[in-house]
Amino acid sequence: MSTYAGGSRTGPIDAVVWLDGEPLPVRVSPGVHTPSPFTQALMSALPRVDGLDVIDAGCGAGAVTVALLWRGAAHVSAWDIVPAAIEDTRENVRRHAEPARVTYHLGSFDRLADEDADLLVTNPPQRPRSVWEQLPADARGIGAGGEDGLEKLALILASTRAPRVITSISTLTAPDLAPIARRYGFEHAEVLADTQGAHDPIWRYAGDVENARILVWDLRRT
């Protein structure tokens, strides 16, 4: 599945994600990140979060927000910098979950410092420069993770006050996330899932796509 946003598409489509064995169609508008194998790996690895206040940082079309609600979150704060992503998340929550348990925030990750939460979940923009510079100009901002692919995740970890972060990451971006997490006070790092995930072919510019994996990490402050 290509996760390019923009391109020649001029209207929304329905993409299908799977949750607890059920196919869920989610609306994805032009300019919004299409749910990818990274999204699916993160959704599948989510533990129960009963009663927790959770941030979905970079909610995209809202698939992870829906998964968090299904996993028992008391409340989800859905964050994105793309207005259409906020609207898609709102629509997909309306389709599949309880809208009263979600609030929406249009803003950049540095504003996460203003938000209290028990847990932050993110499938961060993580394509390194070697990858995103190969994308069409109208898709570069969606996946760009800075020079090494870790810029956005580092900003999230530096900004959030949440004591726990669950994130998906490619081994082409970070084979081991533990040393990076420790820089930002997350002393405990555990792999929740290790998937031979299908990377978009554009990832070949970052390394060996055939052997790349998608890891879902659980990071905790002590």
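**Notebook: the sheet and what packs on it**

I started in the middle of the sheet, where S7 and S9 run antiparallel and are joined by seven bridges. Worth jotting down before going on: this is a predicted model. I looked up one pair in that ladder and found Arg164 standing opposite Arg220 in S9.

**The sheet as a whole**

Next I wrote down the strand order. The sheet is open, has seven strands, and reads S5-S4-S3-S6-S7-S9-S8, with mixed pairing. Which strands sit at the edges? They are S5 (102-106) and S8, each of which pairs on one side only. I also checked the twist: neighbouring strands are turned by 20° against each other on average, direction ignored.

Then I looked at the other side of S7. S6 and S7 pair in the parallel sense, over three bridges. Two facing pairs went into my notes: Thr122 stands opposite Thr167 in S7, and Val121 stands opposite Ile166 in S7.

Further along the order, S3 and S4 run parallel and are joined by five bridges. Here Ile55 stands opposite Ser77 in S4.

**How enclosed are the strands?**

I took S7 residue by residue. Seven of its seven residues are buried, so the rest of the structure largely encloses this strand. I split S7 by face to be sure. Arg164, Ile166, Ser168 and Ser170 are buried on one side, and Val165, Thr167 and Ile169 are buried on the other, so both faces are covered.

S4 came next. Five of its six residues are buried, so S4 too is largely enclosed by the rest of the structure.

**Just past S7**

I followed the chain out of S7 into the loop before H7, where Thr171 is found. Is Thr171 buried or partly exposed? Its relative accessible area is 21%, which makes Thr171 partly exposed, given that buried means under 20%. I listed its contacts too, leaving out residues up to four places away in sequence: Thr171 touches Ala212, Arg213 and Leu215. The C-alpha atoms of Thr171 and Leu215 are separated by 7.0 Å, although the two residues are 44 apart along the chain.

**Helices**

H2 (residues 63-70) was my first helix. Seven of its eight residues are buried, so H2 is largely enclosed by the rest of the structure. I noted the buried ones as Ala63, Val64, Thr65, Val66, Ala67, Leu68 and Leu69. After H2 comes Gly72, with a positive phi near 105°.

H3 (residues 83-96) packs on the sheet, where it touches S4 (75-80) and S5. I checked its direction as well, and H3 makes about 170° with S5.

For H6 (residues 151-159), I asked which residues are buried. They are Leu153, Ala154, Ile156, Leu157 and Ser159. These buried residues pack against four strands and a helix, namely S3 (53-57), S6 (119-122), S7 (164-170), S9 (214-220) and H7 (178-183).

**Cores**

I then went through the nonpolar cores. The largest has 44 residues, and the members that touch the most others are Met43, Leu68, Val121, Ile166 and Val216. Which element gives the most to this core? H2 does, with six residues.

I picked Val216 for a closer look. Not counting residues up to four places away in sequence, Val216 touches Ala41, Leu42, Ala45, Ile166, Thr167, Ser168, Glu190, Val191, Leu192 and Ala193. There is also a second, separate core of 22 residues, and Phe109, Leu120, Ala174 and Phe186 are among them.

**Rings**

Last I searched for aromatic pairs and found one in the structure. Phe38 and Trp203 are stacked, 6.0 Å centre to centre with 20° between the planes. Where do the two rings sit in the chain? Phe38 is in H1 (residues 37-45) and Trp203 is in the loop between S8 (188-195) and S9, so I have the pair down as a link between distant parts of the chain, 165 residues apart. Both Phe38 and Trp203 are buried.

One more ring for the page: the charged end of Arg90 sits over the ring of Tyr104, 4.3 Å from its centre.

Notes
Residues numbered from 1 in each chain as written. Predicted model: local features only at pLDDT ≥ 70, side-chain atom pairs only at ≥ 80, totals over all residues. Heavy atoms only, no water. Buried < 20%, exposed > 50% of the residue type's maximum accessible area, 1.4 Å probe, protein only. Contact = heavy atoms within 4.5 Å. Phe/Tyr/Trp six-rings, centres within 6.5 Å; stacked < 30°, edge-to-face > 60°. Lys NZ or Arg CZ within 6 Å of the ring centre and 35° of its normal. Pairing = 2+ DSSP bridges. Axes fitted to C-alpha atoms, helices over the stretch in contact; angles between N-to-C directions. Core = buried A, V, L, I, M, F, W, Y, C linked by side-chain atoms within 4.5 Å.
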